[in-house]
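This report goes through strand pairing, nonpolar cores and ring contacts in one protein model. Please keep the sequence and the 3D view open while reading.

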Amino acid sequence: MMNNLPTYRAWKKTDGPEMFHDIAYINFNKNEIGVNYPISSRTTRLDKEPLDNVILELGSGLPDINGVEVFQGDIVAVEDFSDDEFSSILYTEVRFDQGSFYFYGTYSTVWEDVLNGDKLSVEVIGNIHTGHK
């Protein structure tokens with residue numbers, strides 16, 4: 001069964017970049033998120049973080065060529081196979097604005113090409129918080 005709920009990740013603004021993978025809840029009324037931290041293989045701890053201390057990023061729901069979900073704030077390598085003789089690789093940031101994802105600073109390569117399955121191979125190579133691989 002497919003999960004249609006949006007996925008999020010959060011980056012802590014203080015004490016260096018720290019990514020929260022397992023967000024239990026987001027409460028905008030209380031201005032907090034709940035984050036599950038694994039303590040052991042069978043135990044997790046729920047911590048609360050003020051929303052002011054984190055940067056929330058939305059998942060696109062689409063995997064890259066390695067099966068990793070592409071999130072806003074990711075740095076991706078996009079290989080364009082639209083030319084039969086040559087392919088080109090573009091390195092760009094994934095952004096989300098006005099209800100849609102897009103590749104920042106590109107005009108010839110658009111997010112809709114990823115949705116259509118056209119001519120593109122996308123690989124997450126890093127993020128804006130920690131750099132690239």
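## Open sheet

In this predicted model, 4 strands form an open sheet in the order 2-1-6-7, and their pairing is antiparallel. The edges are taken by strand 2 and strand 7 (69–71); each has a single partner strand, so one side of each is left without a neighbour in the sheet. On average, neighbouring strands of this sheet are turned by 35 degrees against each other, direction ignored.

At one end of that order, strand 6 (residues 54–63) pairs with strand 7 in the antiparallel sense over 2 bridges. Glycine 59 has phenylalanine 71, in strand 7, as its bridge partner.

## Hairpin of strands 4 and 5

Strand 4 (residues 32–38) and strand 5 (residues 44–50) run antiparallel and are joined by 7 bridges. The connection between strand 4 and strand 5 is a hairpin through 5 residues. Within this pairing, valine 35 has aspartate 47 of strand 5 as its bridge partner.

## Nonpolar cores

In soluble globular proteins, nonpolar side chains tend to be buried together. Here the largest nonpolar core has 10 residues: Leu58, Val70, Val76, Val78, Val94, Phe101, Phe103, Trp111, Val122 and Val124. At least two residues of this core come from each of strand 8 (74–80), strand 10 (100–103) and strand 11 (120–127). Another core, of 8 residues, lies apart from it, and its members include Phe20, Ile33, Val35 and Val54. Val35 of this second core is also the residue bridged to aspartate 47.

Which residues does valine 94 contact, leaving aside its neighbours within four places in sequence? Valine 94 is in contact with Val70, Phe71, Gln72, Gly73, Asp74, Val76, Phe101, Tyr102, Phe103 and Trp111.

## Aromatic rings

A search of the whole structure finds 2 aromatic pairs. One of them joins phenylalanine 20 and tyrosine 37: the ring centres are 6.0 Å apart and the planes stand at 90 degrees, so the pair is edge-to-face. Because phenylalanine 20 belongs to strand 2 (residues 18–20) and tyrosine 37 to strand 4, the pair ties together parts that are 17 residues apart in sequence.

Is phenylalanine 20 buried or exposed? Its relative accessible area is 1%, and the cut-off for buried is under 20%, so phenylalanine 20 counts as buried.

A charged residue also sits over a ring: arginine 95 lies over the face of tyrosine 104, at 3.4 Å from the ring centre.

Technical notes
Residues are numbered from 1 along each chain as its sequence is written. This is a predicted model: local features need pLDDT of at least 70, side-chain atom pairs count only at pLDDT 80 or more; totals for chains, interfaces and linings use all residues. Side-chain values use heavy atoms; hydrogens and water are left out. A nonpolar core is a set of buried Ala, Val, Leu, Ile, Met, Phe, Trp, Tyr and Cys residues joined through side-chain atoms within 4.5 Å. Buried means under 20% relative accessible area, exposed over 50%, partly exposed in between (1.4 Å probe, protein chains only). Contact means heavy atoms within 4.5 Å. Two strands pair if DSSP finds at least two bridges between them. Rings of Phe, Tyr and Trp (its six-membered ring) pair if their centres lie within 6.5 Å; planes under 30 degrees apart count as stacked, over 60 as edge-to-face and the rest as tilted. A charge sits over a ring if NZ of Lys or CZ of Arg is within 6 Å of the ring centre and within 35 degrees of the ring normal. Axes are lines fitted to C-alpha atoms, for helices over the stretch in contact, and angles run from 0 to 180 degrees between N-to-C directions.
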